Amino acid sequence: MATIEHSAILKASPERVFALLERVEDFADYSDLIQAIEPLGKDRYRWHVHAVGMDWTFDVAITEARAPEVLAWESLDGVHNQGCYRLTPVEDGTEVALTLTYTIRNRLLEKAVNRAARPLVGKVSRQILERVEARL
């Protein structure tokens, strides 16, 4: 299992940042790699992502939504992953910290993904937070 972490400070209150992050289906607007997110009901979503030259589809369930502090999720199928956004008020706004863990069961695919995942997730996380901040 690999873990990737990224954080940034957004110039807005935790409440405003959380309000945008909890609208999961809008994440497709925040990153070029996320092709679509389909709401499935009951805090479940189907993600369609194009990364590492491949199309990935996986279902995700929100496991914790504690406004305005924590938004966490776990995949239900596809690439096993779980993640969490933690929001902390700071002098300049809100520190948003992302922690993402994932497991890929195919060793050959895992090597390729691991090589690309850290910069890729960093890029996606930066894109998401920059676009969330622009909407604020």
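## How far to trust the model

What is the mean pLDDT of the protein, and what share of its residues reach 70 or more? This is a predicted model, and its mean pLDDT is 86, with 88% of the residues at 70 or more. Confidence is highest in strand E5, at 97, and lowest in helix H3 (residues 107–135), where the mean is 70. It helps to keep that contrast between E5 and H3 in mind while reading on.

## The overall picture

The protein contains three helices and seven strands. Following the sequence from its start, you meet them in the pattern β-α-α-β-β-β-β-β-β-α.

Of the 136 residues, 43% count as buried. The accessible surface comes to about 7600 Å², and carbon and sulfur atoms account for 49% of it. Now for the contacts between residues at least 6 apart in sequence: 45% of these join residues at least 24 apart.

## From E3 to E4

Let us start the walk through the strands with E3 (residues 44–51) and E4 (residues 54–66). These two run antiparallel and are joined by eight bridges. They form a hairpin with two residues between them, and Val52 in the turn has a positive phi of about 55°. One position to look for in the viewer is His50, which stands opposite Asp55 in E4.

## E5 and its two partners

Why can strand E5 (residues 70–75) be called largely enclosed by the rest of the structure? Five of its six residues are buried, so the rest of the structure largely encloses it.

On one side of the pairing story is E4, which runs antiparallel to E5 and is joined to it by six bridges. The hairpin between E4 and E5 passes through three residues. Within this pairing, Arg66 stands opposite Val70 in E5, and Ile62 stands opposite Trp73 in E5.

The other partner is E6 (residues 80–90), also antiparallel to E5, with five bridges between the two. Here the hairpin has four residues between the strands, and Gly78 in the turn has a positive phi of about 70°. Val70 turns up again in this pairing, where it stands opposite Arg86 in E6. Val70 therefore has Arg66 as its opposite number in the pairing with E4 and Arg86 in the pairing with E6.

## Aromatic pairs

How many aromatic pairs does a search of the whole structure find? The search finds five. In one of them, the rings of Phe27 and Tyr85 have centres 6.3 Å apart and planes at 55°, so the pair is tilted. Phe27 belongs to helix H2 and Tyr85 to strand E6, so the pair ties together parts that are 58 residues apart in sequence. Both partners are buried: Phe27 has a relative accessible area of 5%, and Tyr85 has one of 2%.

Trp47 and Phe58 make another aromatic pair, this one stacked, with 6.2 Å from centre to centre and 10° between the planes. Trp47 sits in strand E3 and Phe58 in strand E4, 11 residues apart. Trp47 counts as buried at 14% relative accessibility, and Phe58 is buried too, at 12%.

Ring pairs link a cluster made up of Phe27, Tyr30, Trp47, Phe58, Trp73 and Tyr85. Trp73 is a residue you have already met, as the one in E5 opposite Ile62.

## The helices and a buried serine

Helix H1 (residues 14–21) has Pro14, Val17, Phe18, Leu20 and Leu21 as its buried residues. They cover an arc of only 160° around the axis, which puts them on the same side of H1.

Is Ser31 buried or exposed? Ser31 lies in the loop between helix H2 (27–30) and strand E2 (34–41). Its relative accessibility is 3%, so Ser31 counts as buried. Leaving aside residues up to four places away in sequence, Ser31 touches Val124, Gln127, Ile128 and Arg131. A word of care belongs here, as helix H3 (residues 107–135) is where confidence is lowest, at a mean of 70.

Terms used:
Residues numbered from 1 in each chain as written. Predicted model: local features only at pLDDT ≥ 70, side-chain atom pairs only at ≥ 80, totals over all residues. Heavy atoms only, no water. Buried < 20%, exposed > 50% of the residue type's maximum accessible area, 1.4 Å probe, protein only. Pairing = 2+ DSSP bridges. Contact = heavy atoms within 4.5 Å. Areas by Shrake-Rupley, 256 points an atom, 1.4 Å probe, with all protein chains shown as cover. Arc of directions from axis to C-beta. pLDDT = per-residue confidence, 0-100. Phe/Tyr/Trp six-rings, centres within 6.5 Å; stacked < 30°, edge-to-face > 60°.
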